[in-house]
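This report describes selected features of strand pairing and nonpolar packing. The sequence and structure are shown first.

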Amino acid sequence: MTHEFKRIVQAHTRAKGENIRTVLATVVALKGSSYRRPGVSMLIREDEQMVGAVSGGCVEKEVLRQSHTVFETNCPKMMVYDGRYRLGCEGILYILIEPFLPGDAFHTVFEDSLAKRIPFELMSRFELKEGSHSDYGTSLRQGSRELALYQGATWNKDTKVKIFTRSLDPCFKLWIVGAEHDAVQLCTYAALTGWEVCIWAAPSEEKSVTDFSGAQELWSLEPEELPLGQIDGQTAVVVMTHSYVRDLRYLLALKHSAPAYLGLLGPQKRREQLLAELMERDLDIPERFLEGIHGPTGLDIGAETPQEIAIAILAEILSVIRNRKSLKLKDKQGAVHS
């Protein structure tokens, strides 16, 4: 969710530079089922270009149509979209449409949150009925600071409205240890997923960040030089150097880190050899570190090509960080989004 909101803010900044106004549409409540859960947003430019989506594509035209009055009045409004007879989702969507014109203070706090990887909250004020009201709207809260997404907002705090709050964690980050062709594919697919990707390459590989589509950074560092303090609970690491010796050195360097996921490319026999040598070289290596290594990395989906292997790896990372056991959705009992 954080990367989607980041993209919306960036799109607003571009539109502002073109002197084009924008509004924000957010699903704040839901009855029944829908393609996406409450909290998903999309940006609408005054020239009718849209960034993001609040559904699978079936609701957006109506949101665009209803956004016209918000552009005209600068007043937030609620729309209700009943998809029970028009969609396959059988849900009623409550969508808040509001002017999106954050001030400089908002951008400072938002960019600081992203850079320092500090969680923040978005709080939307609304009612479960159609209509416009100046007390509707969304604000960003980080610590004691609360900043409206529309700098001209004047909310009456005594008005009895519902408040929908969602917490946004730092953008999920993937650190890829290795610079071969399959690392390029994994980087590309992870970036498309919205993750921030950093490549660790040995100095001898003479690679640059331009060799990896979607990568934000490339570090040519020896294992002992890695900035392990930057690994947090929103970071996955996949070791895939295709060199036994290098993999061993990187794993030794990572032993006191605690990523959300640690994957190791290669067959099971190779993993067992690496783990045995790790324990021989360091008798005090944490047991939780060894048990937390996912190797061979990826889910068993019959992947063969580098692109398919990338999908298998990303799928396993998602299943681990979301605490889900892989299962065909047709075999799942209950709602898809639990």
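## A four-stranded sheet

In this predicted model, four strands form an open sheet in the order β9-β8-β6-β10, and their pairing is antiparallel. Its edges are β9 (145-148) and β10 (162-168), each of which pairs on one side only. On average, and with direction ignored, neighbouring strands of this sheet are turned by 25° against each other.

Strand β8, residues 137-142, pairs with β9 in the antiparallel sense through four bridges. For L140, the bridge partner in β9 is L147. Helix α3 (residues 104-116) packs on the sheet, where it touches β6 (120-126), β8 and β9. The direction of α3 makes about 50° with that of β8.

## The largest nonpolar core

The largest nonpolar core comprises 25 residues. Those with the most contacts inside this core are L174, I176, L186, I199, F212, V238 and I317. At least two core residues are supplied by each of β11 (173-177), α4 (181-193), β12 (196-201), β14 (235-239) and α8 (306-321). Helix α4 provides the largest share, five residues.

The surroundings of L174 illustrate this packing. Leaving aside residues up to four places away in sequence, L174 touches L186, A190, W195, E196, V197, C198, A236, V238 and I317. Among these contacts, L186, V238 and I317 also belong to the residues with the most contacts inside the core.

## A second core

A separate, second core holds 24 residues. Its members include A202, W219, L254 and F289.

Note on methods:
Residues are numbered from 1 along each chain as its sequence is written. This is a predicted model: local features need pLDDT of at least 70, side-chain atom pairs count only at pLDDT 80 or more; totals for chains, interfaces and linings use all residues. Side-chain values use heavy atoms; hydrogens and water are left out. Two strands pair if DSSP finds at least two bridges between them. Axes are lines fitted to C-alpha atoms, for helices over the stretch in contact, and angles run from 0 to 180 degrees between N-to-C directions. Contact means heavy atoms within 4.5 Å. A nonpolar core is a set of buried Ala, Val, Leu, Ile, Met, Phe, Trp, Tyr and Cys residues joined through side-chain atoms within 4.5 Å. Buried means under 20% relative accessible area, exposed over 50%, partly exposed in between (1.4 Å probe, protein chains only).
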